[in-house]
Amino acid sequence: MTPAATTLAAAATGNGFLSPTGVEIAFVLVGLATLGAALVTVSTKQLVHAALWLVVALGGIAVEYLLLTAEFIAWVQVLIYLGSVVVLLLFGLMLTKAPIGRSPDADSGNRWVAAGVAGIAAVALVWVVVDAFRTTWIDLDGPVQGSTKVSGEILFQHWVLPFEALSVLLLAALIGAIVLSRRNDPAEDAAVGEKKGQR
């Protein structure tokens, strides 16, 4: 019997797909809530509401990590994404004087193109994950899998460059927001020039 068949047979003798545990049911429910929050994030026309729904979506992902016994990754998700990225996003919205209410500019008219690209990306992501973990069975009730040691080794051995590239992109986004916020409107510049001329 091959290792894959042994793994699947062991999973079938346990709680399998037809008799899910409470953790597996919670995983599916939290996943559906996270998906709903993500859909509202990309469909709302109020930028601040989109940022707040993004908080819900990222928090749901952190709960999913907890349910997968990857506690360290879950807290990193909370600290970095909920504590930093969302704050950076809200800070950028405030600096660029973005409209607080409903904004007609939030919809570019390319909704179907974006939906198609998102669908293709989702199918590709699911295919990659299923192919990578085809014979892997995670015991959700077993010992913690996402320990700090293992996660640190993987992060700083294989994912250093993407991690640093992401931090540079976030810094560039913040600098761009500051530049846009300091740029004056031509009408305001003309008004300031007239006031100086009157003096």
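In the predicted model, the buried residues of helix H3 are Ala50, Ala51, Ala57, Leu58, Gly59, Gly60, Ala62, Glu64 and Leu67. The cover over these buried positions includes helix H2, residues 22-43, and helix H4, residues 71-95. H3 itself comprises residues 47-67, 21 in number, and its first and last C-alpha atoms lie 30 Å apart, close to the 30 Å expected at 1.5 Å a residue. Just after H3, threonine 69 adopts a positive phi of about 60 degrees.

The chain to which H3 belongs contains 8 helices and 0 strands, and the order of its elements from the N terminus is α-α-α-α-α-α-α-α. The protein chain has 199 residues, of which 16% count as buried. Its accessible surface amounts to about 14500 Å², with 71% of this contributed by carbon and sulfur atoms. Among contacts with a separation of 6 or more, 74% link residues 24 or more positions apart.

Two packed helices are described by the angle between their axes and the distance between the axes. For H2 and H3, the axes come within 8 Å and cross at roughly 160 degrees. Angles over 145 degrees count as roughly antiparallel, and H2 and H3 are therefore roughly antiparallel to each other. The crossing of H2 past H3 is left-handed. On the H2 side, the contact is made by Val23, Ala26, Phe27, Val30, Gly31, Thr34, Ala37, Ala38, Val40 and Thr41. The H3 side contributes Ala50, Trp53, Leu54, Val56, Ala57, Gly60, Ile61, Val63, Glu64 and Leu67.

Within this pairing, phenylalanine 27 of helix H2 is partly exposed, because its relative accessibility is 29%. Beyond its neighbours within four places in sequence, phenylalanine 27 is in contact with Glu64, Leu67 and Leu68. Phenylalanine 27 and glutamate 64 are 37 residues apart along the chain, and their C-alpha atoms are separated by 6.2 Å. Glu64 is also one of the buried residues of H3.

H3 and H4 pack with their axes 8 Å apart, at an angle of about 175 degrees. This pair is therefore also roughly antiparallel. From H3, the residues that meet H4 are Leu47, Val48, Ala51, Leu54, Val55, Leu58, Gly59, Ile61, Ala62, Tyr65 and Leu66. Their counterparts in H4 are Glu71, Ile73, Ala74, Gln77, Val78, Tyr81, Leu82, Val86, Leu89, Leu90 and Leu93. Leu54 and Ile61 of H3 appear in the contact with H2 and in the contact with H4.

Glutamine 77 is located in helix H4 and is buried, with a relative accessible area of 7%. Apart from neighbours within four places in sequence, glutamine 77 is in contact with Leu58, Ile61, Ala62, Tyr65 and Leu82. Of these partners, Leu58 and Ala62 are among the buried residues of H3.

Leucine 95 also lies in helix H4. With a relative accessibility of 22%, leucine 95 counts as partly exposed, since only values under 20% are classed as buried. Leucine 95 and isoleucine 178 are 83 residues apart in sequence, and the distance between their C-alpha atoms is 6.3 Å.

Note on methods:
Residues are numbered from 1 along each chain as its sequence is written. This is a predicted model: local features need pLDDT of at least 70, side-chain atom pairs count only at pLDDT 80 or more; totals for chains, interfaces and linings use all residues. Side-chain values use heavy atoms; hydrogens and water are left out. Helices (H or I, at least four residues) and strands (E, at least two) are DSSP runs, numbered from the N terminus. The expected span of a helix is 1.5 Å times one less than its number of residues. Buried means under 20% relative accessible area, exposed over 50%, partly exposed in between (1.4 Å probe, protein chains only). Contact means heavy atoms within 4.5 Å. Accessible areas come from the Shrake-Rupley method with a 1.4 Å probe; for residues, only the protein chains shown count as cover. Axes are lines fitted to C-alpha atoms, for helices over the stretch in contact, and angles run from 0 to 180 degrees between N-to-C directions. Angles under 35 degrees count as roughly parallel, over 145 as roughly antiparallel, 65 to 115 as roughly perpendicular and the rest as oblique. A crossing is left-handed if the near helix is turned anticlockwise from the far one by less than a right angle, and right-handed if clockwise.
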